[in-house]
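Here are some exercises to work through with the model open beside you. Each task is followed by a solution in steps.

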Amino acid sequence: MINTLVVGEIKDGKLSENSFDLLKISDKLSDRTSLVLCTSSQDNVPLDDIKILPVDFIYLLKIPSLDIDRGIYDIDTYALSVFLNSKDFNLILFSKSEYGSVVAPRVAFRNKKKYLSDCTGISLKEDLFLIERPIYGGVAIAEYQVSTNISPVFSIRSGLQNLDDISNNKIAAIEEIDIQFNEPHPAKMIEEYSNDSLEEIKLEDAKIIVSGGRGLGNEIAFEELKKLANLLGGALGASRAACDAGWIDHSLQIGLTGKTVTPDLYISVGISGASQHLAGCSMSKNIVAINNDKDANIFNVARFGVIGDWNQIIKSFISSIEDLSLK
Ligand SMILES: Cc1cc2nc3c(=O)[nH]c(=O)nc-3n(C[C@H](O)[C@H](O)[C@H](O)COP(=O)(O)OP(=O)(O)OC[C@H]3O[C@@H](n4cnc5c(N)ncnc54)[C@H](O)[C@@H]3O)c2cc1C
């Protein structure tokens, strides 16, 4: 019997889309699914929505103010570690979000569990989890067989698996657990947290991304890409070369040492398609590449390619969209 714990995330008063994906994965693999959420008094936990989720148990870990903990999640890490000490699961799933990437490995380490990050495929064969994850910057996919007996922790890339909706005939039992902190917590040493990120739509959640590289030539060019992203209701991204040049904030970097994205549409502008960049975007459903070098590597992964100067192409693309939206 597979008993799975999904570590959920609340965003804007709702369970995040990534967390829903995890519930769907768990529903396919498991006999029993539990959901755990770390909640503070400031959190707007949507209890009415959560009660009807297709899970067997919901654990609400009551923790102190999260304000001092944003970005480092020490308190969540502590709370989840304490919780897991008292419960047994065959499988613990995090999403490969910023939260999951920070919390999952620390929780696994503290609870002496094996951890695999950034899994892109997961299935069950007898008493083994079969896992796929990209390696060597995304140029190869490694396959792992992990025993269900060792209670592993996986972080799962969202938006990849074609997941069926779950029919829900369950009524979840909800348990609230107060997490006690016996010692002053190191997170209290942080006096101020400032969010410098330029992201308006989170890159990891965006369905459309317009991403710029060194081929743009300067910082001002990103204004044009921003305009296009706004018109399409998408988010802005960048290559590391553009970030390193200081043209755009590093929080928007996509790739091996940046963010991993899986949008429906990834428009790459003036980006050569180095393997380290593709590690972060090659799982996009459709890549459109604009580059003036017909031999650029990005065309090898693009579904549609436009060879030419980005400036002319983007300008006429923007004016066509504006014309269409006026009609
Ligand atoms: C350990 C490590 C980690 C890394 N991590 C990352 C990462 O996370 N993300 C990342 O992006 N990179 C990463 N890199 C860097 C990566 O190797 C590349 O150097 C980088 O992706 C190149 O960025 P670029 O494509 O913008 O620039 P370039 O490779 O310089 O490409 C610019 C492209 O623009 C085109 N171009 C020029 N002018 C125009 C024009 N007018 N119109 C249209 N096209 C034009 C050119 O033909 C060229 O193809 C990493 C490298 C290492 C070693």
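**Exercise 1. Find polar contacts of the ligand in this predicted model.**

Solution. Start with H277: one of its polar side-chain atoms lies 2.8 Å from an oxygen atom of the ligand. Next, turn to Q253, where a polar side-chain atom is 2.8 Å from a ligand oxygen atom. Both pairs fall within the 3.5 Å cut-off for a polar contact. Then look at W310, which uses its backbone: an N or O atom there lies 3.0 Å from a nitrogen atom of the ligand. To finish, consider the cover: the ligand taken alone exposes 990 Å², and the protein buries 73% of that.

**Exercise 2. Describe the shell around the ligand and say where the ligand sits.**

Solution. Begin with the shell, which holds 24 residues; S239, T257, S272, N291 and D309 come nearest. Now sort the shell by class: six residues are nonpolar, 14 polar and four charged. Moving on to helices, α6 (240–244) and α7 (275–281) each supply at least two of the shell residues. Finally, place the ligand: its site is the second largest pocket.

**Exercise 3. Characterise the largest cavity.**

Solution. First count: there are two cavities of 30 Å³ or more. The largest cavity contains about 80 Å³ of space. Then trace its lining, which includes N18, K96, R157, E204 and T260. Last, classify the lining: two residues are nonpolar, six polar and three charged.

Definitions and conventions. Residues are numbered from 1 along each chain as its sequence is written. This is a predicted model: local features need pLDDT of at least 70, side-chain atom pairs count only at pLDDT 80 or more; totals for chains, interfaces and linings use all residues. Side-chain values use heavy atoms; hydrogens and water are left out. A residue is near a molecule or strand if one of its heavy atoms lies within 4 Å of it. A polar contact is a pair of N or O atoms within 3.5 Å; within protein, one must be able to donate a hydrogen and the other to accept it, and residues adjacent in sequence count only if both atoms are side-chain atoms. Accessible areas come from the Shrake-Rupley method with a 1.4 Å probe; for residues, only the protein chains shown count as cover. On a 1 Å grid over the protein atoms alone, a cavity is a set of points where a 1.4 Å probe fits but cannot get out, and a pocket is an open set with protein on both sides within 12 Å along at least five of seven lines; lining residues have an atom within 4 Å of a point. A molecule sits in a cavity or pocket if more than half of its atoms lie within 2 Å of its grid points. Helices (H or I, at least four residues) and strands (E, at least two) are DSSP runs, numbered from the N terminus. Ala, Val, Leu, Ile, Met, Phe, Trp, Tyr, Cys and Pro count as nonpolar, Asp, Glu, Lys and Arg as charged, and the others, Gly among them, as polar. Grid points are joined across faces, edges and corners, and a volume is the space filled by probe spheres set on the points.
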